[in-house]
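Q: Got a minute? I'd like to walk through this one with you.
A: Sure. Let's put it on screen.

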Amino acid sequence: MSRENVELVERLYAELAGEGSAEEFGRRLTDEALARFLDPEVEWVPVTDSVLAGSYRGFEGVRRFWGEFVSAWETYRVEPLSFDDAGDRVAIVVHIVGRTHGLEVDETRSSLLTLRGGRVVRVESFADPAAARAAAGLG
């Protein structure tokens, strides 16, 4: 099942992440679109040093997270760099490029996605690009 998990996460990022404004993300993140990838009770945990605190639950929480996060950006783009199989989890490294308040941002981060029954049940984000792999026990 682990290869299928990686493929699902690759499709998730290809179809729903990418580039866009808060409004574009809002239009993309419909219940129907999210249900193809995420469990209805999904938990989304942002980077701990982020201005976004706590975790976000369910489809509405995912929309709220992305709305709050992307609304601070004039331009924003997520480019997946790698997807690593960790059984029921997938570690992903992403390159984030954007501009906010006239400042250019160019950084690499990671996330660890936990899957169950062919759907993502948890996303945990890390500022360190190697942290998701480490959290998954991939070294």
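Q: Let's begin with the rings. Which residues do ring pairs link into a cluster?
A: Trp44, Tyr56, Phe65, Trp66 and Tyr76. Keep in mind that this is a predicted model.

Q: How many aromatic pairs does the structure hold?
A: It holds 6 of them. One of these is the pair of Tyr13 and Phe83. Their ring centres are 6.3 Å apart, with 75° between the planes. That is an edge-to-face pair.

Q: Why does that pair tie together separate parts?
A: Because Tyr13 lies in helix H1 and Phe83 in strand S3, 70 residues apart in sequence.

Q: Are those two residues buried or exposed?
A: Tyr13 counts as buried, at 11% relative accessibility. Phe83 counts as partly exposed, at 23%.

Q: And what about Trp44 and Trp66, how do they pair?
A: Edge-to-face. The centres are 6.1 Å apart and the planes make 80°. This pair links distant parts of the chain too: Trp44 is in strand S1 and Trp66 in helix H4, 22 residues apart. Trp44 counts as buried, at 8% relative accessibility. Trp66 is buried as well, with a relative accessible area of 12%.

Q: New topic, the sheet. What is the order of the strands?
A: S2-S1-S6-S5-S4-S3. It is an open sheet of 6 strands with mixed pairing.

Q: Which strands stand at the edges?
A: S2, residues 56–57, and S3. Each has a single partner strand, so one side of each is left without a neighbour in the sheet.

Q: Take me across it. How do S1 and S2 run?
A: Antiparallel, joined by 2 bridges. Trp44 has Tyr56 in S2 as its bridge partner. Both of those residues also belong to the ring cluster.

Q: Next step: do S1 and S6 run parallel or antiparallel?
A: Parallel, with 4 bridges. Val45 has Glu124 in S6 as its bridge partner.

Q: And S5 with S6?
A: Those pair in the antiparallel sense, over 7 bridges. Leu113 has Val123 in S6 as its partner. The hairpin of S5 and S6 has 2 residues between the strands, and Gly117 there takes a positive phi near 60°.

Q: How many bridges join S3 to S4?
A: There are 11, and the two strands run antiparallel. Val78 stands opposite Ile96 in S4. The S3 and S4 hairpin also has 2 residues between its strands. Gly87 takes a positive phi near 75° in that hairpin.

Q: Which residue has a positive phi although it is not a glycine?
A: His101, at about 50°. Most residues other than glycine have a negative phi. His101 is found in the loop between S4 and S5. It is exposed, with a relative accessible area of 71%.

Q: Back to the helices. Which strands does H1 touch?
A: H1 packs on the sheet and touches S1, S3, S4, S5 and S6. Its direction makes about 175° with that of S3. H4 lies across S1, S2 and S3, at about 40° to S1.

Q: How many residues are in the largest nonpolar core?
A: It has 33. Among those with the most contacts inside it are Leu12, Tyr13, Leu38 and Trp66. H1 gives the most to this core, with 6 residues.

Q: What does Tyr13 touch?
A: Beyond residues up to four places away in sequence, its contacts include Val78, Pro80, Phe83, Ile92 and Leu113.

Q: What about the second core, how many residues does it have?
A: It has 7, and it is separate. Ala91, Phe126, Ala132 and Ala136 are among them.

Q: One more from H1: is Asn5 buried or exposed?
A: Asn5, in helix H1, counts as buried, at 5% relative accessibility. Leaving aside neighbours within four places in sequence, Asn5 is in contact with Gly87, Asp88, Val90 and Leu115.

Q: Last thing. Where is confidence lowest?
A: In helix H2, residues 22–28, at a mean pLDDT of 76. It is highest in helix H5, residues 131–135, at 97. The chain averages 89, and 94% of the residues score at least 70.

Notes. Residues are numbered from 1 along each chain as its sequence is written. This is a predicted model: local features need pLDDT of at least 70, side-chain atom pairs count only at pLDDT 80 or more; totals for chains, interfaces and linings use all residues. Side-chain values use heavy atoms; hydrogens and water are left out. A nonpolar core is a set of buried Ala, Val, Leu, Ile, Met, Phe, Trp, Tyr and Cys residues joined through side-chain atoms within 4.5 Å. Buried means under 20% relative accessible area, exposed over 50%, partly exposed in between (1.4 Å probe, protein chains only). Contact means heavy atoms within 4.5 Å. Two strands pair if DSSP finds at least two bridges between them. pLDDT is the predictor's confidence in each residue, from 0 to 100. Rings of Phe, Tyr and Trp (its six-membered ring) pair if their centres lie within 6.5 Å; planes under 30 degrees apart count as stacked, over 60 as edge-to-face and the rest as tilted. Axes are lines fitted to C-alpha atoms, for helices over the stretch in contact, and angles run from 0 to 180 degrees between N-to-C directions.
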